[in-house]
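Please open the model in a viewer and keep the selection panel at hand. The tour below proceeds from a whole chain to individual strands and helices.

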Protein chains: 2
Amino acid sequence: MESPVAVNVNDTEHPRVVIVGGGFAGIAVARGLAGSEADVIVVDQHNFHTFQPLLYQVATAGLEPADVAYPIRTIFRNDSNVAFRHGRVTAIDLEAKEVLLADGPHLAYDHLVLASGASAEFFGVPGAAQYSLPLYTLADARHLRNRLLLTLEERDASPENYPPGVTFVVVGGGPTGVETSGSVRELLDICVRRDGLNIDLEQSHVILVDLGDRVLPAFPMSASTYAAKILENRHITLRLGVQVKEVTSTGVVLSDGTTIEAAGVIWAAGVSARGTLAAEALPHQPGPQGRVRVEHDLSVLEHPDVWAIGDAAAVLRGAGDEVCPQLAPVAIQSGKHCAEQILNVLKGKPTKSFKYHDKGMMATIGRRAAVAKMQRGPVIKGTLGWLAWLTLHLFYLVGFRNRFRVLTNWCWRYLDWPSGPRLIVADAETAP
Amino acid sequence: MESPVAVNVNDTEHPRVVIVGGGFAGIAVARGLAGSEADVIVVDQHNFHTFQPLLYQVATAGLEPADVAYPIRTIFRNDSNVAFRHGRVTAIDLEAKEVLLADGPHLAYDHLVLASGASAEFFGVPGAAQYSLPLYTLADARHLRNRLLLTLEERDASPENYPPGVTFVVVGGGPTGVETSGSVRELLDICVRRDGLNIDLEQSHVILVDLGDRVLPAFPMSASTYAAKILENRHITLRLGVQVKEVTSTGVVLSDGTTIEAAGVIWAAGVSARGTLAAEALPHQPGPQGRVRVEHDLSVLEHPDVWAIGDAAAVLRGAGDEVCPQLAPVAIQSGKHCAEQILNVLKGKPTKSFKYHDKGMMATIGRRAAVAKMQRGPVIKGTLGWLAWLTLHLFYLVGFRNRFRVLTNWCWRYLDWPSGPRLIVADAETAP
């Protein structure tokens, strides 16, 4: 058999930009290049873009997978210079300027954008990769939902095999951990109070564990205090200032020597680019969290025709060497900036440095409770914060159809909250 | 290890009715027994009821899995005497009056209802079970959707590996075959015209094969003629009067000696209860399509405390020995009748014979085209038939939420038909 040849050699006069990854960052680049002279190809092994900030609601059966996913082809259906390629990139040849796809062909590029994201960071905690449930992809959200609902069904079906009540541990006190623990507790209440599962709520616990001394450490102290109060009002137990030493098949071991028996451990303690294609494919040492080191203009060190953005890249915050957090706004802004710089290079103009505009941050704790901190302005809490959170998330959700469906779901949940679609999705994959 | 004991021995004063299966038939029995003196347990390995008549729309990405599935617990949340047990029944002990569950315990019953459905009937056609794609369960619909969309992505990505165009074969000219072929053709058009997949529509074919000399053979001739005309107008090729002799990995071989190369073969040629638990567990010979033989009151021959209904049972149409077709209305009506007879037995009253009320039938061929034949009345065609079809299906769909979502989807599709959620669902199950 002959070795695969580069069947997709770029034989047009248009420079070709290959974007690896259709997340917030990759989509932002492609949007920025839509209508330009460049031929743009977005490569992703999923045919859809995922709205990650709402994954925890898919995991806790408040939303359906299709509500937070949108076909990438549909996003660019009116942009004749943007194409989608369903596939997985397995290697990058920086010399030949080609990416290799798992199903065979090489794809030649003039500019390559690495927007391949990250994965859960387990900090070397024994058992964490094996036993805990991360929440970064739609597949993660589906697995977590199956685990939560199947656990509750098992407890209901065979109470004699288990201690009374059920406990879930959430590791990480950032926005994802806070949002997920609030949502898991709501699911538990709904399953018992409305679906009639025979589980003792008094003896059931959702326990949030974090090494720091407060939840939402990136927020002002008043927001952390508020969030802690709401969480405790909603029967979530906070175990702060302790570290998870080990995750086992039956729970977690903490640094203070205590052991928590748990039916599930949700890992929301951070993400890392280590082991991802972007981190492995480049010759130089990666930056913090295994992220690809980039210049101030977002091009990869020593490779002006390769760019790295979003969670995969150590995006510099401003003129100094401070690195941005791995957040959706950074992904979107770095993607937009990257598109502008590629256009500058194609026009023979000099590139510009990226500067992150921190517009603030928000986290929701459950129904009618959220905190929002605008960059300039006070901390907004409670119902008003929740409405701000809701509006912003709807605004950034891709596609009018998804916005409509999610808004409908939320109204429903608000007016009659138990009616969420608590389907065990794994059930739908097995034979009758 | 000790053998599992019947931990669920019925120690209350209430007679216990165990219903195996949460489809149309099983749900109808449980509804009929809600509020009665009986303790009712619905056992299903899926935690949701599936609205099978719309599965073809899930398969062709017009609806999402959650739109046609509804949690069984939620259906009965206000009925304190109806419980749900998530599990798979592996055996029935008619002497001890127990069913055995895959996860261990025995479940004692006073009355047992077998509503465990059927599966695709391949009529011994070589390769059919291995290579063709049936459409009976939600898992089937998801697999078919993945196959359709992945096939189109592969053709787009590597056109050099395939002949121009793409062909799908649908086996069976009944309502499911007609509905599915129309819907597959629509999906193909949408993917090419709106999503920009590089596939030659002129050289693409959807071919409906049936042994009979007309589609919709159970309908009046005028309905068949109309359906055939609409299908041909929509570029579906009819191959009538030929039999599928073999299904292979690359297509089908027909009885007239021709071979059709196809990227997928969809099997819509009928269902059978052969090999299902209900058929295997009983000592007597099964009836037509492997269905459980029942008395006129729907109790199983020689077992007055065991009942069989829906697709699993050879339900008798009336006083004679004519057997009902395997259709949703039969399942619903037999379920309702079964509940009434169990109540009669519990009250010491004699049971009554089942009589099927055929209210008519309908089939949709695509947008704004359907045929409906009321039992008394003319054949309704076209837009009016389509509206009748739409109204009836919305009426029977379980749950206001699902009705609302499906109606919204249909309005959307009607006004702006390409915006369906064409997500490759398998993508959401794999790691990033």
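**Chain A: overall layout**

Begin with the two domains of chain A, whose centres, taken over C-alpha atoms, are separated by 32 Å. The model is a predicted one. To colour the domains, select residues 16–45, 87–118 and 273–346 of chain A as domain 1, and residues 128–271 and 360–426 as domain 2. With the cartoon displayed, chain A shows 11 helices and 26 strands. Its radius of gyration is 23 Å, close to the 22 Å given by the globule rule for 432 residues, so chain A is as compact as a globular protein of that length. The C-alpha trace of chain A extends about 70 × 55 × 45 Å along its principal axes.

**Chain B: the five-stranded sheet**

Now move to chain B and display the open sheet of five strands ordered β11-β18-β12-β13-β14, in which the pairing is parallel. Strands β11 and β14 (236–240) of chain B stand at the edges with a single partner strand each, so one side of each has no neighbour in the sheet.

The pairs may be followed across the sheet in that order. Select residues 133–134 and 264–267 of chain B: these are β11 and β18, parallel strands joined by two bridges. Here B:P134 lies opposite B:W267 of β18(B). Next add residues 167–171 of chain B, which form β12; four bridges connect β12 to β18(B), again in parallel. Within this pair, B:V169 has B:V265 as its bridge partner. On adding residues 205–210 of chain B, one finds β13, which runs parallel to β12(B) and is joined to it by five bridges. The residue facing B:V171 is B:V209 in β13(B).

Which helix lies across β13 and β14 of chain B? Selecting residues 221–233 of chain B reveals helix α7, which runs at about 135° to β14(B).

**Chain B: the three-stranded sheet**

A second stop is the open sheet of three strands in the order β15-β16-β17 of chain B, paired antiparallel. Its edge strands are β15 (244–248) and β17 (259–261) of chain B, each of which pairs on one side only. From one strand to the next, the twist averages 15°. For a closer view, select residues 251–254 of chain B, that is β16, which forms three bridges with β17(B) in the antiparallel sense. B:V253 is found opposite B:T259 of β17(B).

**Chain B: a hairpin**

Proceed to residues 89–93 and 98–101 of chain B, the strands β6 and β7, which pair antiparallel over four bridges. In this pair B:A91 faces B:L100 of β7(B). The two strands form a hairpin with four residues between them, and in the turn B:K97 has a positive phi of about 55°.

**Chain B: a helix pair**

Finally, select residues 24–33 and 328–346 of chain B, which are helices α1 and α9; their axes come within 7 Å and cross at roughly 35°. The crossing of α1(B) past α9(B) is right-handed. To examine the contact, show side chains on the α1(B) residues, including B:F24, B:I27, B:V29 and B:L33, and on those of α9(B), among them B:A331, B:I332, B:C338 and B:I342. What is the character of the residues in the contact of α1(B) with α9(B)? They comprise 12 nonpolar, four polar and two charged residues.

Key:
Residues numbered from 1 in each chain as written. Chains lettered and ligands numbered in written order. Predicted model: local features only at pLDDT ≥ 70, side-chain atom pairs only at ≥ 80, totals over all residues. Domains from an automatic or database assignment. Pairing = 2+ DSSP bridges. Axes fitted to C-alpha atoms, helices over the stretch in contact; angles between N-to-C directions. Left-handed = near helix turned anticlockwise from the far one by under 90°. Contact = placed C-beta atoms within 7 Å. Nonpolar A, V, L, I, M, F, W, Y, C, P; charged D, E, K, R; others polar. Rg over C-alpha atoms; globule rule 2.2 N^0.38 Å.
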